[in-house]
Amino acid sequence: MPGTHRRNPQPDRLYGSAGVTIPFPLPPSSGIGLKPQHYAQALDHASAENAPSRDADLFRPGWVEVHPQNYFCEGGPPHRWLTAVREHYPLSFHSVGLSLGSAEGLDQAELLQLAVLCERYQPDSVSDHLSWSGSAGNRYPDLLPLPYTRECLDHFAAQVARTQDTLKRPILIENPSRYLAFSGDEMDEAAFLHALCEQTGCGLLFDINNVEVSATNLGLDPFAMVDAIDPARVGEVHLAGHAVENHEDGPLLIDDHGSPVTDLTWQLFERFIERAGPKPTLIEWDTDIPEYSVLIGEAARAANLLEAASVTHAA
Ligand SMILES: [Fe+2]
């Protein structure tokens with residue numbers, strides 16, 4: 001499919017080995033998770049200004065992200081819309097279905113469908129999660145966490161390498177939202193993620209809302225978690241909101257992507273990009289979808305911070 005923004009490099013080697021230089025081709029601007037109810041407005045705004053503006057209606061996102069699983073059909077309106085959107089925006093595929101951490105290995109049927117879709121749209125970035133969603137023939141509608149052990153790292157790295165070899169491109173892996181910790185962890189999350197990058201040549205999708213959720217639920221320091229991540233590994237950042245359940249022993253945060261980005265997540269984001277410089281940053285909003293203008297307002301806020309970080313970082 002021809003596309004104005006088909007800038008994805010065509011690798012001439014496989015990515016299942018360490019030491020690969022990783023291209024991260026999304027622009028270091030803010031993007032939005034694109035939902036069907038916003039297709040028409042995203043196209044209407046495709047020629048608007050891609051600069052932070054006090055008037056969010058005049059702001060055009062720098063790129064868009066979709067869940068490829070929503071396009072695993074051969075034709076119909078979803079593909080007509082996505083084809084039109086692809087002509088105007090850099091595109092990211094954020095997979096939610098490979099189940100890379102499953103003990104029996106990733107979901108091969110999902111991987112093959114993803115490969116077909118990547119061939120069709122040539123997305124600028126492909127990502128999935130540090131999680132598992134299936135076992136013994138069962139599928140679960142959740143992104144379940146993994147223990148941070150050497151054995152688990154080697155198994156997960158093998159699945160990432162298999163994915164990259166099939167897709168013939170490096171992928172990004174997202175840090176999870178956690179609700180419980182494993183007693184047998186042998187390393188912390190950052191060490192696990194960095195080792196995964198070393199072993200596979202993959203990059204990181206650093207979800208800063210997930211940091212707030214995990215830190216609050218597990219009693220960790222979110223600022224230390226942000227400071228522990230190597231910015232050179234990060235090809236994309238996610239910002240989102242979460243739900244709060246108040247319990248006797250404190251709040252439990254639920255990663256539902258159904259509300260504005262919180263003040264703490266904005267603070268953590270500023271802290272990260274002050275050190276990292278501007279990174280492709282997505283406003284992720286998957287439930288209780290707001291008006292397009294609300295989503296764009298959040299993206300414009302992120303763009304303002306990225307612009308400021310670009311000045312600070314250059315200085
Ligand atoms: Fe995310």
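Two strands pair if DSSP finds at least two bridges between them. Helices (H or I, at least four residues) and strands (E, at least two) are DSSP runs, numbered from the N terminus. The model is predicted: local features need pLDDT of at least 70, side-chain atom pairs count only at pLDDT 80 or more, and totals for chains, interfaces and linings use all residues. Residues are numbered from 1 along each chain as its sequence is written.

**Exercise 1. Trace the barrel.**
Find which strands form the closed barrel, and how they pair.

*Solution.*
Step 1. Start from the inventory: the protein chain has 9 helices and 12 strands.
Step 2. Follow the order β1-β2-β3-β4-β7-β8-β9-β12, a closed barrel of 8 strands with parallel pairing. The twist from one strand to the next averages 25 degrees, with angles taken from 0 to 180 degrees between N-to-C directions of lines fitted to C-alpha atoms.
Step 3. Check one pair inside it. Strand β4 (residues 125-129) runs parallel to strand β7 (residues 172-174), joined by 3 bridges. Ser127 stands opposite Leu172 in β7.
Step 4. Check β12. Strand β1 (residues 30-33) pairs with β12 in the parallel sense over 3 bridges, and Gly31 stands opposite Leu282. Strand β9 (residues 234-240) is joined to β12 by 4 bridges, also parallel. Here Val237 stands opposite Thr281.

**Exercise 2. Sort the side chains of β12.**
Decide which residues of strand β12 (residues 281-284) point one way and which the other, and whether they are buried or exposed.

*Solution.*
Step 1. Recall the rule: in a regular strand the side chains alternate between the two faces of the sheet.
Step 2. Apply the cut-offs. A residue is buried if 20 or more other C-beta atoms lie within 10 Å of its own, exposed if 12 or fewer, and partly exposed in between; C-beta atoms are placed from the backbone.
Step 3. Read off the result. Thr281 and Ile283 point one way, Leu282 and Glu284 the other, and all are buried.

**Exercise 3. Locate the core.**
Identify which helix gives the largest share of the largest nonpolar core.

*Solution.*
Step 1. Define the core: a set of buried Ala, Val, Leu, Ile, Met, Phe, Trp, Tyr and Cys residues joined through C-beta atoms within 7 Å.
Step 2. Count. The largest core has 70 residues, and Ala299 is among those with the most contacts inside it. Helix α9 (residues 292-314) supplies the largest share, 9 residues.
Step 3. List the partners of Ala299. Two residues are in contact if their C-beta atoms, placed from the backbone, lie within 7 Å. Beyond its neighbours within four places in sequence, Ala299 touches Ser30, Gly31, Ile32, Phe59, Pro61 and Ile283.

**Exercise 4. Describe two helix settings.**
State how α4 crosses α5, then what the buried residues of α6 pack against.

*Solution.*
Step 1. Take the axes of helix α4 (residues 150-167) and helix α5 (residues 189-200). They come within 9 Å and cross at roughly 45 degrees. That makes α4 oblique to α5, since angles under 35 degrees count as roughly parallel, over 145 as roughly antiparallel, 65 to 115 as roughly perpendicular and the rest as oblique.
Step 2. Name contacts. Residues of α4 including Leu153 and Phe156 meet a set in α5 that includes Phe192 and Leu196.
Step 3. Turn to helix α6 (residues 208-218): 8 of its 11 residues are buried. Its buried residues pack against β8 (203-207), α7 (222-227), β9, β11 (250-254) and α8 (263-276).
Step 4. Finish at Gly219, which follows α6 and has a positive phi near 75 degrees.
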